[in-house]
Amino acid sequence: MKRMTLWGRDENDESLIEQVIRQVKTVTCTPKIWYYDNPGEEPTQVGDRVRVYNRQGVHRCTIEITENYELPFGRVDERIARGEHCADIAEFRADHAMVWQADLEKEGYSLSDDLVIVVEHFRLISVEPK
């Protein structure tokens with residue numbers, strides 16, 4: 001089974017995983033330049049079941065991919081923003097700029113409207129006991 005690690009603001013932040021478990025987060029996005037170059041985490045396809053881990057390597061839940069596609073960062077719509085548990089597109093852009101901007105710049109990229117991201121929609125399948 002494929003695996004995914006959801007990153008919070010630090011190694012102990014599991015807020016994104018908790019949002020998945022509460023089923024208020026149903027989308028995750030990743031810059032394409034990172035998505036296909038992530039050892040240990042294979043790209044997904046619709047129908048894949050994926051184990052979700054925290055940063056300590058603990059399996060917290062399993063999801064099923066319902067949609068997977070690429071689009072420019074500037075074309076994110078309300079459906080994606082809401083699926084990422086953001087109030088609107090502006091919040092989505094601000095949150096992702098805070099998380100991605102510095103690391104992209106370190107690698108020689110910028111967070112522009114043209115940056116291609118991979119969008120994965122999913123549904124919760126099961127939750128692992130803590």
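Me: Contact here means heavy atoms within 4.5 Å. Leaving aside neighbours within four places in sequence, which residues is Thr44 in contact with?
Reply: This is a predicted model, where local features need pLDDT of at least 70, side-chain atom pairs count only at pLDDT 80 or more, and totals for chains, interfaces and linings use all residues. Residues are numbered from 1 along each chain as its sequence is written, and side-chain values use heavy atoms, with hydrogens and water left out. Thr44 sits in the loop between helix 2 and strand 3; helices (H or I, at least four residues) and strands (E, at least two) are DSSP runs, numbered from the N terminus. With the sequence neighbours set aside, Thr44 is in contact with Lys2, Tyr35, Val50, Ile65, Asn68 and Glu120.

Me: Does Thr44 count as buried or exposed?
Reply: The cut-offs are simple: under 20% relative accessible area is buried, over 50% is exposed, and partly exposed lies in between (1.4 Å probe, protein chains only). Thr44 comes out at 8% relative accessibility, so the label is buried.

Me: How many Å separate the C-alpha atoms of Thr44 and Met4?
Reply: Along the chain, these two are 40 residues apart. In space, the C-alpha separation of Thr44 and Met4 is 9.7 Å.

Me: In what order do the strands of the open sheet run?
Reply: Strands count as paired if DSSP finds at least two bridges between them. The open sheet has five strands and its pairing is mixed. Written across the sheet, the order is 1-3-4-5-2.

Me: Which strands stand at the edges of that sheet?
Reply: An edge strand here has a single partner strand, so one side of it is left without a neighbour in the sheet. That fits two strands, namely strand 1 and strand 2.

Me: By how many degrees are neighbouring strands of this sheet turned against each other on average?
Reply: Axes are lines fitted to C-alpha atoms, for helices over the stretch in contact, and angles run from 0 to 180 degrees between N-to-C directions. For this average, direction is ignored. Neighbouring strands then come out turned by 40°.

Me: In what sense do strand 1 and strand 3 pair?
Reply: Take the bridge partners: Lys2 goes with Val50, and Thr5 goes with Tyr53. Strand 1 and strand 3 (residues 49–53) are joined over four bridges, and the sense is parallel.

Me: Which strands does helix 4 touch when it packs on the sheet?
Reply: The direction of helix 4 makes about 35° with that of strand 2. On the sheet, helix 4 touches strand 2 and strand 5 (116–127).

Me: Which residue in the turn between strand 3 and strand 4 has a positive phi?
Reply: Strand 3 and strand 4 (residues 59–72) pair antiparallel over five bridges, with Val52 standing opposite Cys61. The two form a hairpin with five residues between them. The positive phi in the turn, about 85°, belongs to Gly57.

Me: How many bridges join strand 4 to strand 5?
Reply: The two run antiparallel, and one bridge pair is Glu64 with Arg123. On its other side, strand 5 pairs antiparallel with strand 2 over five bridges, where Cys29 is the partner of Val119. Between strand 4 and strand 5, the number of bridges is 11.

Me: Where is Gln23, which has a positive phi although it is not a glycine?
Reply: The phi of Gln23 is about 65°. At 53% relative accessibility, Gln23 counts as exposed. Its place is in the loop between helix 1 and strand 2.

Me: How much space lies in the largest pocket?
Reply: On a 1 Å grid over the protein atoms alone, a pocket is an open set of points where a 1.4 Å probe fits, with protein on both sides within 12 Å along at least five of seven lines; lining residues have an atom within 4 Å of a point. Grid points are joined across faces, edges and corners, and a volume is the space filled by probe spheres set on the points. For the largest pocket, that gives about 1,100 Å³.

Me: Which of the lining residues are closest to the centre of the largest pocket?
Reply: The lining counts 36 residues. Helix 4 gives the largest share, seven residues. Closest to the centre are Trp7, Leu16, Cys29, Val99 and Trp100.
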